[in-house]
Structure formats: C-alpha cells, structure tokens
Amino acid sequence: MKRYLITFTLAAFALSCVAVAQAQTATAAAATTTARASQHLIGEVTAVDTSGGHITVKTDAGSSVNVNTDEHTTYRRIPPGQTSLAGAETITRADVHAGDRVLVPNGASAPQAVARQVIVMARDAITSKRAQEQQDWRARGIGGRVAAVDAAKKEITVESGGPRGGGARGDGASRGEAEKVTVAADGNVRFLRYAPDSLSQADAMPAAFSDIRVGDQIRVLGNRAGARVTAEQVISGSVTRLTGTIESVDAARNELTVKDANGKTFNVAVGTHTTLRRMTAEAAQALAQRAEQRRAASQAGQSGAGDRAGRRDNGGDAAGPRRGAGGGDGAGRQRGGGGGQQGMFGNLPATTLAELKKGDGVIITGTNGADASRLTAASLVAGDAELVQRMQQQRRRGGGQRGASVPGGGTGEGAGNPERP
C-alpha cells in the first residue's frame with residue numbers, strides 16, 4: 001500500500017506537483033488516496049544546510065519549511081516525467097541543490113520529524129524538459145476558442161488564429177483570419193483544466209473530455225493534417241477578462257470589489273497563484289504605440305487589397321506588391337509582436353493586494369463559475385484609472401480583442417507556449 005501511495009504521488013509530482021492536493025474525487029477510494037497524498041511535502045529547495053542537516057523548502061502553497069534529515073535519510077533522484085521509483089538514482093544530501101524540486105513523504109503531516117526519504121528532481125533536468133516541451137508546443141500546438149463539442153465523436157471544433165511559430169497552415173488563409181480546426185480527442189489524450197487562479201499549465205488540474213465547454217479557451221498539442229488535429233494533450237478553461245475600477249479591497253479575505261465601465265460590480269478573489277503587477281506610464285505608452293502601429297498596418301493592408309483588386313480589374317498584376325507596411329511580410333512582422341507584449345506585462349513591477357487601493361484601475365484575467373459576478377483572478381494589472389482607461393481606448397482603436405492591453409492575449413494567442421492561453 002505504501003509503495004502504491006508513493007507511486008501515485010510521484011505521478012502527480014511529475015505534473016508540476018499540483019494535482020496531489022486537487023485530484024478528482026470520483027470515488028470514495030480516490031478521495032481517501034488524495035487526502036493521504038496531500039500530507040506529503042512538495043516544493044522547491046531554497047537552501048541546504050549540509051552541516052546541520054536541514055533542507056529549506058518553499059512549498060507550492062508559498063510557505064517555507066525546514067526539513068530535518070539525518071544519516072538515516074535516503075535520497076532518490078528521478079527525472080522529470082518519471083512516475084515511480086523504479087530506476088531512481090540513489091544520491092546524497094550533498095547532491096541536493098537550491099532550485100531542485102523535492103517530495104518528502106508525510107513531510108506535511110509531521111514537519112518537525114526527521115525525514116525518512118527525500119525524492120528529488122534536479123533543477124537543470126526540469127529546465128531542460130520545460131524547454132523541450134515549449135519547443136514541441138511551438139511546433140505542434142494550436143490555441144483558440146471552443147466553438148463546438150461533439151461528445152459522441154469526441155471531437156472539438158476550435159476557432160483558432162492559426163499556429164504561432166508552428167509551420168504553415170496549408171490552407172491558403174491569412175494568418176490574421178480566424179479558422180476552424182477539428183480536434184480529434186478520442187485516443188490516449190491527457191486532459192487538463194486551468195486552476196481557478198492560474199492560466200499556467202504548471203497549475204492545471206486533471207480533467208476529462210466532458211469538462212470542455214463551448215466558449216472555453218483551449219490549447220491543443222498534437223499532429224495536424226490540414227484542418228484536423230489528432231490531440232495528445234488538451235488544456236482548457238473558462239477565461240474571463242475584466243477591466244474596471246477598484247471599489248474596495250479586503251486584504252484579510254484576499255478579495256476586492258471592481259466596478260466595470262457599465263457600472264456592474266464584481267467580487268474578485270485573489271488566489272495563491274495570482275500574479276499581481278502594476279502598470280507604469282512608460283509601459284502604457286509603449287503599448288499604446290503598438291496599438292497605433294497595428295491600426296496603421298491594418299489600414300494600409302486594406303488599402304493594399306483595394307489597389308490589388310483595381311489592378312486585377314484593369315488587367316494588371318494580380319499579385320500586387322509582395323512586401324510593404326500593410327501586407328505580406330510587413331503585416332506578419334506586426335502580428336509577431338504579441339510575444340513582446342506578453343513579455344512587457346511579465347516585466348512590470350510586482351505589487352501586492354495590500355498595496356491596491358480604491359480608485360485604482362485594473363485589468364484582470366481569470367475564471368468564474370456559475371455566478372458571473374464572482375471572479376477568481378489569474379493575473380491582475382493595476383494602475384492609475386485614467387491610464388488604464390486610455391489603454392483600453394487604444395486597444396479598441398488598435399486591434400480589438402487581440403490588443404495588447406489584456407494579459408494572456410486574445411483568441412489563438414499563446415498557442416506555441418504551454419504557459420499561456
């Protein structure tokens with residue numbers, strides 16, 4: 001039984017160590033296993049005291065715990081993705097370094113006791129695996145919005161802006177146009193669902209095909225042939241975006257109240273994984289400039305299309321110019337700026353819930369449930385209310401839903417990155 005429990009926990013650990021506390025409870029037996037597994041300590045090593053025998057671990061919940069070890073403690077190292085101790089490498093405490101991921105069986109239930117076993121995943125191995133996964137997503141990933149779900153065929157229709165950095169579409173359509181892709185998900189597919197307070201794969205929870213809903217944001221990894229993708233991994237969730245002004249902040253309950261431009265009030269919960277950042281005037285100006293560039297490129301592209309149509313009518317060159325500010329390569333470069341916009345949001349200074357105040361403008365990306373007026377934030381960008389309003393106006397003029405002012409991007413954004421919907 002003990003070996004089964006460790007094996008189960010390692011499987012969850014390999015999925016970024018989040019699902020241990022959130023495994024589905026379809027049966028009473030699974031619920032019992034989950035409760036026991038949640039007693040294990042999981043986190044990242046921040047310090048190792050080789051002389052005193054202490055390993056400091058920052059848990060996934062954000063707390064710092066000192067793990068006590070002695071000469072009887074055993075250390076086993078497994079590669080990322082390994083789901084059992086079979087073939088695990090025996091190491092010593094000297095081989096454990098800051099940045100490594102560790103699992104300490106029963107470490108959460110008895111934090112003061114001496115650990116009998118420490119299971120390690122090396123930081124460098126994790127980094128390498130993540131880089132490989134991201135490259136795979138760039139090559140074979142698509143992202144978009146769920147347009148239809150066929151439960152009988154286990155197929156999903158996805159409205160997608162096309163693969164980002166993942167090869168040619170092959171249908172002659174412009175990369176800027178939305179397309180519909182059929183996702184076959186009837187094989188051995190790994191389904192994940194966004195956590196309430198995170199849009200990262202690292203925090204996603206195990207799910208099933210039946211959890212997917214029309215309107216969900218979705219990312220699919222698989223092999224594509226034309227307009228059909230055979231899925232290997234599907235990550236989905238209901239993503240809501242809210243822009244408004246803070247009415248009140250309850251730091252004790254990790255909640256705030258936000259009123260949107262229409263006067264509707266929302267209660268917003270801030271979770272463990274929520275990222276909080278503050279917009280600077282310099283970043284807002286840069287985003288506004290990008291929005292204006294997109295608007296100018298779009299207008300130039302429309303003008304270029306009209307010119308080409310006129311040349312066709314007059315027997316001229318139907319192809320028109322191949323390069324320019326508004327079409328072809330120029331437009332492609334403009335659309336490619338999305339990654340830079342995401343990077344800009346990621347580089348904004350961090351803030352805390354306690355630093356937010358009434359009257360601040362906020363741009364929130366998150367999830368909601370049955371009550372549409374309640375929202376759990378995955379990311380929140382705060383700033384001067386007038387500044388945020390000006391950003392939104394620039395966004396509407398410069399590119400609509402796909403504008404730069406919404407963290408996480410619009411439909412189809414982030415298809416090449418498993419850490420962004």
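Which residue in E19 is the bridge partner of Thr-275? In the predicted model, that partner is Ser-379. The two residues belong to a pairing between strand E17, which spans residues 265–278, and strand E19, which spans residues 374–383. These strands run in the parallel sense and are joined over eight bridges. Both are part of a barrel that five strands close in the order E15-E16-E17-E19-E18, with mixed pairing. On average, and with direction ignored, neighbouring strands of this barrel sheet are turned by 55° against each other.

The barrel is one part of a protein chain with seven helices and 19 strands. The chain has 421 residues, of which 43% count as buried. Among contacts with a separation of 6 or more, 62% are made by residues 24 or more positions apart. The area exposed by the protein chain is about 20100 Å², and carbon and sulfur atoms supply 48% of it.

A further sheet is open and contains seven strands in the order E3-E2-E1-E6-E7-E4-E5, again with mixed pairing. Its edges are formed by strand E3 (64–68) and strand E5 (89–91), each of which pairs on one side only. The average turn between neighbouring strands of this open sheet is 40°, direction ignored. Within the sheet, strand E1 (residues 41–49) and strand E6 (residues 101–104) run antiparallel and are joined by four bridges. Ile-42 stands opposite Leu-103 of E6.

Ser-84 is located in the loop between strand E4 (74–77) and E5. Its relative accessibility is 17%, so Ser-84 counts as buried, the cut-off being under 20%. The side chain of Ser-84 reaches the backbone nitrogen of Ala-86 at a distance of 3.3 Å. Ser-128, by contrast, is placed in helix H3 (residues 123–140). Because its relative accessibility is 36%, Ser-128 counts as partly exposed. Ser-128 and Pro-80 are 48 residues apart along the chain, and their C-alpha atoms are separated by 9.5 Å.

Strand E11 (residues 190–193) takes part in two of the pairings examined here. With strand E14 (residues 228–237), E11 pairs in the parallel sense over four bridges, and Leu-192 stands opposite Ile-235 of E14. With strand E12 (residues 205–206), E11 runs antiparallel and is joined by two bridges. In that pairing, Arg-193 stands opposite Met-205 of E12.

The loop between strand E10 (179–184) and E11 contains Asp-186. This residue counts as exposed because its relative accessibility is 54%, and the cut-off for that class is over 50%. Apart from neighbours within four places in sequence, Asp-186 is in contact with Lys-153 and Lys-154. The C-alpha atoms of Asp-186 and Lys-153 are 7.3 Å apart in space, although the two residues are 33 residues apart in sequence.

The nonpolar cores were considered next. In soluble globular proteins, nonpolar side chains tend to be buried together. The largest nonpolar core of the model has 17 residues. The members that touch the most other members are Ile-156, Val-183, Phe-191, Ile-212, Ile-218, Val-220 and Val-234. At least two residues of this core come from each of strand E8 (141–150), strand E9 (155–160), E10, strand E13 (217–225) and E14. The most is given by E14, with three residues.

Val-183, listed above among those core members, has a set of contacts beyond four places in sequence that includes Ile-142, Ile-156, Val-158, Val-220, Val-229 and Ala-231. Lys-154 and Glu-155 are also touched by Val-183. Lys-154 is thus shared between two of the residues described, as Asp-186 is in contact with it too. A second core, separate from the largest one, comprises 16 residues, including Val-258, Val-268, Leu-356 and Ala-377. Of these, Val-268 falls in E17 (residues 265–278) and Ala-377 in E19 (residues 374–383), the parallel pair that also holds Thr-275 and its bridge partner Ser-379.

Technical notes: Residues numbered from 1 in each chain as written. Predicted model: local features only at pLDDT ≥ 70, side-chain atom pairs only at ≥ 80, totals over all residues. Heavy atoms only, no water. Pairing = 2+ DSSP bridges. Axes fitted to C-alpha atoms, helices over the stretch in contact; angles between N-to-C directions. Buried < 20%, exposed > 50% of the residue type's maximum accessible area, 1.4 Å probe, protein only. Contact = heavy atoms within 4.5 Å. Polar contact = N/O pair within 3.5 Å; in protein donor to acceptor, adjacent residues only side chain to side chain. Core = buried A, V, L, I, M, F, W, Y, C linked by side-chain atoms within 4.5 Å. Areas by Shrake-Rupley, 256 points an atom, 1.4 Å probe, with all protein chains shown as cover.
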